[in-house]
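Trainee: I'd like to learn how to read a fold step by step. Could you walk me through one?

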Amino acid sequence: MGAMPGGRPVRVSLVGSTGSIGTQAVEVMTAEPGRFTAVGLATWRSVDVLAAQAQALRPEVVAIGDAGLVGALAAAVPKGTEVLAGPEGLAAVARLGDVVLNAVVGFAGLPVTLAALGAGRRLALANKESLIAGAPVVARAKATPGAEIVPVDSEHCALHQCLRAGAGPDEVARLVLTASGGPFRGRTSEELAAVEVKDALAHPTWRMGPKITVDSSTLMNKGLEVIEAHELFGVDYDRIAIIVHPQSVVHSMVEFIDGSTVAQLSQPDMRLPIGYALGYPRRLTHPFGAIDWDSLGRLDFEPPDRKVFVCLDLAEEAGRAGGLAPAWLNAGNEVGVAAFLAGRIGWAAIAEVVAETLAARDGAEANDAEDVVDADRRARERAELAVRRRERAG
Ligand code: MG
């Protein structure tokens, strides 16, 4: 049921297998015995977790991004497992299998996205940053025969499902992205001046890694998701709306030209969108997101506060500018978030670093992946200067 034609299991490569999304992908594969088989597993430096996964799933190939750890990995995986190292090792794993999950965190996921699409794979995309920063080159790689992106991001997975009934592009009026609002929903700028890292990491509904959890607290995550939706579904920015929905049960909606809105609802559990992308076009048989309507209670909606959460407007500005502007936005954000997590700057300074970085962008064009990597590097240099000017004493 749901296996490939001929009854063989779906061959899956997991790149970023040891993080929050990667480990939940392993749970999905384990919950559907006989349906999936792991062909490749890769991560940056969590050797022990990767080795344990290799012992359990018996992939053909494993890869570790930090080449200095290759010896430790080789000693801990089953005999006969091919062991690769370095960024090229991760890209090699991304060329294997029927479906490739890109669950790398941040811009570092770009080579994985390009390798999977360039090899004509179905890409289960959890790494939104590669699509956002590298949009012009990712679009070209996606034209490879067989290549396809199925989003893992819960909002985009919802939109993918809402659009699946076969609506024509001219029948879509708006995409409506829902946002939980994060831990700081309803706060004023004054109240947010002194928040600490632990406050930003206390997400009310989703269990996620630190980078995306901070992005949720600034709403930059939602801003990035607007660009992601534009790139995935080809809908222009005037027709992508955001609504705050604190319960995180409605994952997003499509409004059609006749006024009808189709929504996707499920419990906030990333294993549903992960399984949707790994199993597409057949649904999982395990109901990870099933709703108990008797206890669900109410669903609330409110517009986002764009004065407090300025990252929304910054992201939309970058998206509308197009080209490499989203790469500058993303780099500024990654540097700002890392500096906040390291205690170097306050929470409100993240958006200041992003704004300063985005304003400093040059007019370079993205003809190939190297142009994107160059823009990312120049943007990070500018962002680091912006961080230093705001660095907290001590
Ligand atoms: Mg999301």
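Mentor: Gladly. Let's start with a single pair: arginine 11 has threonine 37 of β2 as its bridge partner. Keep in mind that this is a predicted model.

Trainee: Which strands does that pair belong to, and how many bridges join them?

Mentor: Strand β1 (residues 10–15) and β2 are joined by six bridges, and the two run parallel. Strand β2 covers residues 36–43, and seven of its eight residues are buried.

Trainee: What is the order of the strands in the sheet around them?

Mentor: To read a sheet, list the strands in spatial order and then look at the pairing. Here seven strands make an open sheet, ordered β4-β3-β2-β1-β5-β6-β7, with parallel pairing. Its edge strands are β4 (82–85) and β7 (148–151), each of which pairs on one side only. From one strand to the next, the twist averages 20°.

Trainee: How many bridges hold β7 to β6?

Mentor: Four bridges, with strand β6 (residues 122–125) and β7 pairing in the parallel sense. As an example to find on screen, leucine 125 has proline 151 in β7 as its bridge partner.

Trainee: What is the strand order in the open sheet of four strands?

Mentor: That sheet reads β9-β8-β10-β11, and its pairing is mixed. The edge strands there are β9 and β11 (261–265), each pairing on one side only. The twist averages 20° from one strand to the next.

Trainee: In which sense do β8 and β9 pair?

Mentor: In the parallel sense: strand β8 (residues 172–179) and β9 share five bridges. Within this pairing, leucine 177 stands opposite isoleucine 242 in β9. Helix α12 (residues 220–233) lies across both β8 and β9, and runs at about 150° to β8.

Trainee: Now a loop residue, please. Where is serine 248 found?

Mentor: Look in the loop between β9 (240–244) and β10 (250–256).

Trainee: Is serine 248 buried or exposed?

Mentor: For burial, compare the relative accessibility with the cut-off, which is under 20% for buried. Serine 248 has 5% relative accessibility, so this residue counts as buried. Its side chain makes a polar contact of 2.9 Å with the side chain of threonine 205. Setting aside neighbours within four places in sequence, serine 248 is in contact with Ser180, Thr205, Trp206, Ser266 and Pro268.

Trainee: Can burial be read for a whole helix too? How many residues of α8 are buried?

Mentor: The idea carries over: count the buried residues, then ask what covers them. In helix α8 (residues 154–162), nine of the nine residues are buried, so the helix is largely enclosed by the rest of the structure. Among the buried residues of α8 are Glu155, His156 and His160. Their cover includes β7, β8, α12, β10, β11 and α13 (271–279).

Trainee: Which residues does cysteine 157 contact, beyond its neighbours within four places in sequence?

Mentor: Those contacts are Pro151, Val152, Pro273 and Tyr276. Cysteine 157 sits in helix α8 and counts as buried because its relative accessibility is 1%. Try a sequence-versus-space comparison as well: cysteine 157 and glutamine 264 are 107 residues apart along the chain, while 8.9 Å separates their C-alpha atoms.

Trainee: What does the same comparison give for glutamine 53 and glycine 7?

Mentor: Those two are 46 residues apart in sequence and 25 Å apart in space, C-alpha to C-alpha. Glutamine 53 belongs to helix α2 (residues 47–57), and at 8% relative accessibility this residue counts as buried. Not counting residues up to four places away in sequence, glutamine 53 touches Ser17, Thr18, Thr23, Val26, Leu41 and Arg58.

Trainee: Last topic: how should I describe two packed helices?

Mentor: Use the angle between their axes and the distance between the axes. For helix α15 (residues 311–321) and helix α16 (residues 325–341), the axes come within 7 Å and cross at roughly 150°. This makes α15 roughly antiparallel to α16.

Trainee: Which residues make the contact?

Mentor: From α15 they are Leu314, Ala315, Ala318, Gly319 and Ala321, and from α16 they are Ala325, Pro326 and Leu329. Sorted by class, the contact of α15 with α16 has seven nonpolar residues, one polar and no charged ones.

Conventions. Residues numbered from 1 in each chain as written. Predicted model: local features only at pLDDT ≥ 70, side-chain atom pairs only at ≥ 80, totals over all residues. Heavy atoms only, no water. Buried < 20%, exposed > 50% of the residue type's maximum accessible area, 1.4 Å probe, protein only. Polar contact = N/O pair within 3.5 Å; in protein donor to acceptor, adjacent residues only side chain to side chain. Contact = heavy atoms within 4.5 Å. Pairing = 2+ DSSP bridges. Axes fitted to C-alpha atoms, helices over the stretch in contact; angles between N-to-C directions. Parallel < 35°, antiparallel > 145°, perpendicular 65-115°, else oblique. Nonpolar A, V, L, I, M, F, W, Y, C, P; charged D, E, K, R; others polar.
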